[in-house]
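User: I'd like to go through some of the labels used for this model and hear the reasoning behind each. Can you take me through them?

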Amino acid sequence: MVEANNTTVTLQVHRFTPRPERAERARGGSPFAKNSSPFGGGSDSAARRRPRGKQWVQEYTIPARPSDTVLDCLLTIKRTIDPTLAFRYSCGHGMCGSDAAAINGTPTLLCTATVRDWAKQPSTAPEVDDEGFRRTGDETANEPDVPAENVENNITEGSLGVIELASLPGFPPQRDLIADIDPMLNQIRKLTPYLQADGVLATTAEGKVDVFEYLQNPEQLAKYETLSNCIACGVCEGACPVYAGGDAFVGPAALIWASRFINDSRDTKAMDRMDAIDTADGVAGCQSVRACSRHCPRGIDVGEEMWQIVAKVRER
Ligand code: SF4
Ligand code: FES
């Protein structure tokens, strides 16, 4: 079906520009960057969650079709209207996880979200706070979602609606729609996210040693195959209210990676891996809210997997 191309969509983008001196330190310009920058590493979590800089909401109205993705719209803006708008992407089709952001307050991937699914009329678009979380009806009861003059401007013939964008909740924004996901990657790294296996020497038909084999049958593969689809996008972490609350919880993504190897019959470090997550900020931090399950773009039932790994660690 050929779609009409005389339609438009309005993107309300929560933009952020860090203070210049902090951005400089974050690039390694200062020997004190690690300790003082909100984007540096380490334990300065309060600073991490409140980077300083300029924040504002910017509206862009562009031609768009219902089947366009939000990433398509952002690329149009970047190429034709505003080259300063910052966002991150790579594969463009849901495989790399680099473009996770909050769309209408919901963590998801920009490249798989379509205008058809996410555009709303301005009066129904939920309010999103500075952290990218949707505000409740009580908080917004006396406030319009957008200024009245903008509402009038947006309800024009051919408008597909409004999409609100912010950086991924639960992580400090680096610039515009780019969040600093290093905290998640560091947590995953700490749990040794690679196979530690003892191979079996295989021989050729002539009896010569050929290669190491790591044998596994289909039933053993099935125990972790879905978990191996995780692309470390951070969407589950952005949805998790415990992870967003500070450093008290290692986060669902790191636990998914731990579970992937604990359930792999070839891995010889399952007990060590379970010891590593059997901590106050490991499996004990999961409150079974299961908000992480709703939005995983790789189809992992994260909440159920959390439940399974918590039970496995406790029962060993
Ligand atoms: S479990 Fe799903 S939502 Fe969470 S990081 Fe992996 S792919 Fe993303
Ligand atoms: S750009 Fe790779 S997942 Fe969206």
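Analyst: Sure. Keep in mind that this is a predicted model. To start, T192 comes out as partly exposed, at 26% relative accessibility.

User: Why is T192 called partly exposed?

Analyst: Buried means under 20% and exposed means over 50%. T192 has 26% relative accessibility, so T192 lands in between and counts as partly exposed. You'll find T192 in the loop between helix 8 (182-190) and strand 8 (200-203).

User: What is the phi of T192?

Analyst: Phi of T192 is positive, about 45 degrees, although T192 is not a glycine. As background, most residues other than glycine have a negative phi. S288 is another non-glycine residue with a positive phi, near 55 degrees. S288 sits in the loop between helix 12 (270-277) and helix 13.

User: How do you know whether S288 is buried, exposed or partly exposed?

Analyst: Same routine. The relative accessible area of S288 is 38%. Buried would need a value under 20% and exposed one over 50%, so S288 is partly exposed.

User: And what makes T17 buried, exposed or partly exposed?

Analyst: T17 has a relative accessible area of 25%, which is not under the 20% cut-off for buried, so T17 is partly exposed. T17 belongs to strand 1 (residues 8-18). Leaving out residues up to four places away in sequence, T17 touches G53, K54, W56 and R175. T17 and A86 are 69 residues apart in sequence, with their C-alpha atoms 9.6 Å apart in space.

User: On to helices. Why is helix 11 called oblique to helix 13?

Analyst: The axes of helix 11 (residues 252-262) and helix 13 (residues 302-315) come within 10 Å and cross at roughly 60 degrees. Roughly parallel means under 35 degrees, and roughly perpendicular starts at 65. The angle fits neither, so helix 11 is oblique to helix 13. The crossing is left-handed.

User: Which residues make that contact?

Analyst: Helix 11 brings P252, L255, I256, S259 and I262, and helix 13 brings V302, E305, M306, I309 and K312. By class, that's seven nonpolar, one polar and two charged.

User: What surrounds ligand 1, and how does the shell divide by class?

Analyst: The residues around ligand 1 are C230, I231, A232, C233, G234, V235, C236, A253, C296, P297, R298 and V302. They split into ten nonpolar, one polar and one charged. Arg counts as charged and Gly as polar, so R298 is the charged one and G234 the polar one.

Note on methods:
Residues are numbered from 1 along each chain as its sequence is written. Chains are lettered from A and ligands numbered from 1 in the order in which they are written. This is a predicted model: local features need pLDDT of at least 70, side-chain atom pairs count only at pLDDT 80 or more; totals for chains, interfaces and linings use all residues. Side-chain values use heavy atoms; hydrogens and water are left out. Axes are lines fitted to C-alpha atoms, for helices over the stretch in contact, and angles run from 0 to 180 degrees between N-to-C directions. Helices (H or I, at least four residues) and strands (E, at least two) are DSSP runs, numbered from the N terminus. Angles under 35 degrees count as roughly parallel, over 145 as roughly antiparallel, 65 to 115 as roughly perpendicular and the rest as oblique. A crossing is left-handed if the near helix is turned anticlockwise from the far one by less than a right angle, and right-handed if clockwise. Contact means heavy atoms within 4.5 Å. Buried means under 20% relative accessible area, exposed over 50%, partly exposed in between (1.4 Å probe, protein chains only). A residue is near a molecule or strand if one of its heavy atoms lies within 4 Å of it.
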